[in-house]
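Me: Please go through this model with me by question and answer, and let each reply reason its way to the value or name requested.

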Amino acid sequence: MKDEKVTSTARRDFFRKAGLGVGALGAAAVTMAAGGEAEAAEERKPKGYQESAHVKRYYELARF
């Protein structure tokens, strides 16, 4: 029998680096999503109540 020393440091390093990569990817995704939501919120500001033509027509038809 041969005495071979099996080291699992390569495997451990792989999983460590993969975990760090996934964490960095997740952090980047969260940062990008937060920036996009802030811009989208500015675009979706409520304009308030607007009495347009179809609203006026509804009011006319709803009167008894």
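**Helices, surface and side-chain contacts**

Me: Where in the predicted model does Tyr 49 lie?
Reply: This is a predicted model. Two helices, H1 (9-43) and H2 (53-62), flank the position of Tyr 49. The residue therefore belongs to neither run, and its place is the loop between helix H1 and helix H2.

Me: How many helices and how many strands does the protein chain have?
Reply: Helix H1 covers 9-43 and helix H2 covers 53-62. The count for the protein chain is 2 helices and 0 strands.

Me: Is Tyr 49 buried or exposed?
Reply: A residue counts as exposed when its relative accessible area is over 50%. Tyr 49 has a value of 58%, so the residue is exposed.

Me: What percentage of the residues of the protein chain count as buried?
Reply: To count as buried, a residue must have under 20% relative accessible area. The protein chain has 64 residues, and the share of them that counts as buried is 2%.

Me: What share of the area exposed by the protein chain do carbon and sulfur atoms supply?
Reply: The exposed area of the protein chain is about 6600 Å². Of this area, carbon and sulfur atoms supply 60%.

Me: Which residues make the nonpolar surface patch of about 390 Å²?
Reply: Residues of a patch need over 30% relative accessible area. Tyr 49 has 58%, Tyr 58 has 56%, and Tyr 59 has 33%. The patch is made by Tyr 49, Tyr 58 and Tyr 59.

Me: What kind of aromatic pair do Phe 14 and Phe 15 form?
Reply: The structure holds 2 aromatic pairs. In the pair of Phe 14 and Phe 15, the ring centres are 5.3 Å apart and the planes stand at 70°. Planes over 60 degrees apart count as edge-to-face, so the pair of Phe 14 and Phe 15 is edge-to-face.

Me: What kind of aromatic pair do Tyr 58 and Tyr 59 form?
Reply: Their rings lie 6.1 Å centre to centre, with 55° between the planes. Planes under 30 degrees apart count as stacked and those over 60 as edge-to-face. The angle of 55° fits neither class, so the pair of Tyr 58 and Tyr 59 is tilted.

Me: Which residue forms a salt bridge with Arg 16?
Reply: A search of the whole structure finds 2 salt bridges. In the one made by Arg 16, the closest N and O atoms are 2.9 Å apart. The two partners stand 3 residues apart in helix H1, so about one helical turn separates them. The partner of Arg 16 is Asp 13.

Me: How far apart are the closest N and O atoms of Arg 57 and Glu 60?
Reply: These residues are 3 apart in helix H2, which means that about one helical turn separates them. Arg 57 is partly exposed at 47% relative accessible area, and Glu 60 is partly exposed at 48%. A salt bridge requires the nitrogen and the oxygen to lie within 4 Å. Arg 57 and Glu 60 form one, with their closest N and O atoms at 3.6 Å.

Definitions and conventions. Residues are numbered from 1 along each chain as its sequence is written. This is a predicted model: local features need pLDDT of at least 70, side-chain atom pairs count only at pLDDT 80 or more; totals for chains, interfaces and linings use all residues. Side-chain values use heavy atoms; hydrogens and water are left out. Patches are made of residues with over 30% relative accessible area and no salt bridge: like charges are joined within 9 Å, nonpolar side chains (Val, Leu, Ile, Met, Phe, Trp, Tyr) within 5 Å. Accessible areas come from the Shrake-Rupley method with a 1.4 Å probe; for residues, only the protein chains shown count as cover. A salt bridge is a side-chain nitrogen of Lys or Arg within 4 Å of a carboxyl oxygen of Asp or Glu. Helices (H or I, at least four residues) and strands (E, at least two) are DSSP runs, numbered from the N terminus. Buried means under 20% relative accessible area, exposed over 50%, partly exposed in between (1.4 Å probe, protein chains only). Rings of Phe, Tyr and Trp (its six-membered ring) pair if their centres lie within 6.5 Å; planes under 30 degrees apart count as stacked, over 60 as edge-to-face and the rest as tilted.
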